[in-house]
Amino acid sequence: MHIEHVAIWCQDLERMRDFYQHYFAGQANTKYTNARGFSSYFLEFDTGCRLELMQWQEVTELKNEPQRQFIGLGHLSFALGSCEAVDALTQRLVTDGYTLLSGPRTTGDGYYESCLLDPELNRIELSR
């Protein structure tokens, strides 16, 4: 198991992309935008580590509502290697009392994932 990427909600997506490209040599992909107004860039670093910068008008700055998103850290994503592993760990976490927010499912951009809350209400994404 390894961390696949870290995601951060941004108020100014282009400025954040420029910052990480300029100061940390991140290589950005083409901007992804969906029909609901969500936009993101993935930046890859020389180690292979990736950072996802995200923007969506529905994201609030309030941090006291676990069912809502906010500016700052969006989620930690763990790549488990297979859809079956995502299903199994998702079920184990739900059985152990952790909150499932979505999935497992295949997203519009091709990820097979689920999203749960950790004990501190941080979003954890489990992906293939």
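User: Which helix do Arg17 and Glu14 both lie in, and how many residues apart are they?

Analyst: This is a predicted model, where local features need pLDDT of at least 70, side-chain atom pairs count only at pLDDT 80 or more, and totals for chains, interfaces and linings use all residues. Residues are numbered from 1 along each chain as its sequence is written, and side-chain values use heavy atoms, with hydrogens and water left out. Helices (DSSP runs of H or I, at least four residues) and strands (runs of E, at least two) are numbered from the N terminus. Arg17 and Glu14 sit about one turn of the helix from each other, both in α1, 3 residues apart.

User: Happy to follow that up: what is the N to O distance in the salt bridge of Lys31 and Glu14?

Analyst: A salt bridge puts a side-chain nitrogen of Lys or Arg within 4 Å of a carboxyl oxygen of Asp or Glu. For the side chains of Lys31 and Glu14, the N to O value is 3.0 Å. Lys31 is in the loop between β2 (27–28) and β3 (32–33) while Glu14 is in helix α1, so the pair ties together parts that are 17 residues apart in sequence. The distance you asked for is 3.0 Å.

User: Which residues are linked with Glu14 in a network of salt bridges?

Analyst: Glu14 meets Arg17 at 3.1 Å, N to O, and Arg17 also pairs with Asp18 at 2.9 Å. Lys31 joins through its own bridge to Glu14. The residues linked with Glu14 are therefore Arg17, Asp18 and Lys31.
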